[in-house]
Amino acid sequence: MRRIDLQVYQKVIIVFAALVIPITAINIVINLNAVSYLRTKLFESTQDKVYYFRNQLNNQIAFIRNQHLNLLTDNNLVELHFRAGALSKYEELLLTTHLQSNMLSIRNSNELVEDVAVHIEVLNRMVSLSKGKREYDTGSKWEELRQLHIKNKQPYYVVGDQIYFIESTSNGTVTTYVQIPLHSLLQQIDNIIPEESDNGYFIADHTLKDSVNFAGERPIQAEIMSQMKMPDEKREPQGRFDIHVGDRDYLVIYSKINALGGTLFTYMDEKAITGVISKYNGLVAALGFAALVIIVVFSLSVNQMIHKPLNHLIRAFRKIELDPEQIATRSSIPNNEFNYLNESFEQMKQELNASIKQNYEHKLALQQSELKQLQSQINPHFLYNGFYNLYRMCRAEDVEGAAELSMKLANYYEFITRSGSDEVPLQLEYQHAVDYCDIQQIRFSRYIQIHIEPIPEELAQIPVPRLIIQPIIENAFKHAFERGKSMETCIIRHHQEGDKLLIIVEDSGRTLTDETIVRLNKKLEHPAAIKEKTGLINVCNRLKLAFGEKSGITVSRSSLGGLCVTMCMTIFNTGGKQHVSNLNRG
């Protein structure tokens, strides 16, 4: 899995968000739970209120119904019914008066009752509180109600703006009526629900086949009836449920009114009930939005106060990394800790430039010193042997050989003793190594064979430090070859790998051990720490000074059996174009 590297200000913002978001989330959850709890309690309170007024209404109607039933068995009514043909006018009037008195007591016992009436079929009389005693009119409303009751046997009927309770004897010869104005009943039910246009109530019989709509919308009533008709084994005689009609949600509370022989349904817009707590939902949303705004404002503040000044300093450091001599332009930074850092950075930059200049001069002096040391390490025996070989050629009258050896010796000593630039084109450095090999081959032609790969033209003018190849070849002649025993071989070649130029010197020496190779490589890893500057160590240190730490010398076992010395110089850019060394840039 790839690791994502975040900047400091991003980490600060993430930590801040990690602190704010959980706290905000906990507050939101607490508020939502509180809102849900309040909503449930409000619904329960509304339901209890409905049940309370339902009970009040049921008790009143039950009381009226009980008195109504008692009227049907009133002694005066029974005597009028059974002795209809044997009563005198006076007795009939007396019994009727007593009956009206009892009927009046029913009306006076409850404010809902407006009229009480009795129909006695055998007398063909109608007795009521409003009309008194009169002959029965077959076209009156009382007859219509009686016929409707005989047909449907309902406990009550709604006709116009009146509600009628009807009871009759088993043979239908005596029928009693109790009339209640619809508005009186509605005044009782209106106390149950808030006065809102969409709120309403109705009463349905226990079979849910018929209903009386008192207030509200018919589509809502139809939806409630369809919900109630769905089979539900867990449905209680009273309870509540939710419905959705149009774009609104309604709370439906239902409860049986046994006195009416039906079920009272009330429905209310939930917003009318939960309007008090709807404000809390807005507060919860505002809390979440406020947390988001706080995180954004904090992020912008951190970006302005910390990230931008840090970026300024980072860009300045990167310019110094790319080019130590780069002087970054100063930008306006607020007068705070970052201003102090910026001032300190400017001071450090000046000191760094001075230190770089001093270090560069020191390295240059060190390289010149090591070059002079390398020049001073020239083996005097090589000079003596060279002149001795020249003397022998002269005595042998080998004029051409003596002339060639004289020229090689002259070129060799001219190159190592000149005090010019510390860097030369690779072609001259390579030619100096060839001159050295030619001199040695003239001296030891019977024992040594040398193979030198020529330098191509595109590499000829690459600047390199002086005396980096010849000391490596000289090392093979001094330590690897056992002259006089067998023919020895030395190979000099070059190779390019990416941005590196490799010059490789191999010999066929037989005395080299693996432990020596390991020991040499350890020394060559940190040549500057080695006090004794031998040829290999000296050249390796100069290569690192000139071309960087990735350059230097490594040793390994040669395919010829002896030592393989690889000189590595980073002198190409990614496009393959050569560049000059660090010292030459100075």
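**Group meeting: two sheets, two cores**

Let's start with a helix on a sheet. Helix H12, residues 426–443, lies across E13, E15 and E16. Against E13, H12 runs at about 165°. Keep in mind that this is a predicted model.

Now the sheet under that helix. Five strands form an open sheet, in the order E13-E15-E16-E18-E17. The pairing is mixed. At the edges are strand E13, 448–452, and E17, and each of them pairs on one side only. From one strand to the next, the twist averages 15°.

Take the strand pairs in turn. Strand E15, residues 488–497, and strand E16, residues 500–507, run antiparallel and are joined by eight bridges. One bridge to look at: His-495 has Leu-502 in E16 as its partner.

Next, the other end of the order. Strand E17 covers residues 552–557 and strand E18 covers residues 563–570. These two also run antiparallel, with six bridges between them. E17 and E18 make a hairpin, and five residues lie between them. Look in the turn for Gly-561, which has a positive phi of about 110°. Across the pair, Ile-553 stands opposite Met-567 in E18.

Those two residues come up again in the core. Which members of the largest nonpolar core touch the most other members? They are Leu-426, Ile-469, Ile-473, Ile-553, Met-567 and Met-569, out of 57 residues in that core. A second core lies apart from this one, with 43 residues, among them Val-118, Ile-120, Leu-185 and Ile-257. As background, nonpolar side chains in soluble globular proteins tend to be buried together.

Stay with Leu-426 for a moment. What does Leu-426 touch, once neighbours within four places in sequence are left aside? The contacts are Ile-455, Leu-459, Ala-460, Ile-462, Val-464, Ile-469, Leu-501 and Ile-503. Ile-469 is on that list, and Ile-469 is also among the core members with the most contacts to other members.

On to the other sheet. This open sheet has six strands, ordered E3-E2-E1-E6-E5-E4, and the pairing is antiparallel. Why do E3 and E4 each have a side without a neighbour in the sheet? Strand E3, 132–135, and strand E4, 156–159, stand at the edges with a single partner strand each, so one side of each is left free of a sheet neighbour. Ignoring direction, neighbouring strands here are turned by 20° against each other on average.

Within that sheet, strand E5, residues 162–168, runs antiparallel to strand E6, residues 174–181. Seven bridges join them. Gln-162 has Pro-181 as its bridge partner in E6.

Now a helix pair. Helix H2, residues 75–82, packs on helix H3, residues 89–109, at an angle of about 145°. Their axes are 8 Å apart. The crossing of H2 past H3 is left-handed. H2 brings Asn-76, Leu-77, Glu-79 and Leu-80, and these meet Glu-92, Leu-95, Thr-96, His-98, Leu-99 and Asn-102 in H3. By class, that contact has four nonpolar, four polar and two charged residues.

One single residue before the totals. Ala-316 sits in helix H8, residues 278–322. Buried or exposed? Ala-316 counts as buried, because its relative accessibility is 4%, and the cut-off for buried is under 20%. Glu-346 is 30 residues away along the chain, yet its C-alpha atom is 9.5 Å from that of Ala-316.

Finally, the whole protein. There are 17 helices and 18 strands. Of 586 residues, 43% count as buried. Among contacts with a separation of 6 or more, 62% join residues 24 or more positions apart.

Note on methods
Residues are numbered from 1 along each chain as its sequence is written. This is a predicted model: local features need pLDDT of at least 70, side-chain atom pairs count only at pLDDT 80 or more; totals for chains, interfaces and linings use all residues. Side-chain values use heavy atoms; hydrogens and water are left out. Two strands pair if DSSP finds at least two bridges between them. Helices (H or I, at least four residues) and strands (E, at least two) are DSSP runs, numbered from the N terminus. A nonpolar core is a set of buried Ala, Val, Leu, Ile, Met, Phe, Trp, Tyr and Cys residues joined through side-chain atoms within 4.5 Å. Buried means under 20% relative accessible area, exposed over 50%, partly exposed in between (1.4 Å probe, protein chains only). Contact means heavy atoms within 4.5 Å. Axes are lines fitted to C-alpha atoms, for helices over the stretch in contact, and angles run from 0 to 180 degrees between N-to-C directions. A crossing is left-handed if the near helix is turned anticlockwise from the far one by less than a right angle, and right-handed if clockwise. Ala, Val, Leu, Ile, Met, Phe, Trp, Tyr, Cys and Pro count as nonpolar, Asp, Glu, Lys and Arg as charged, and the others, Gly among them, as polar.
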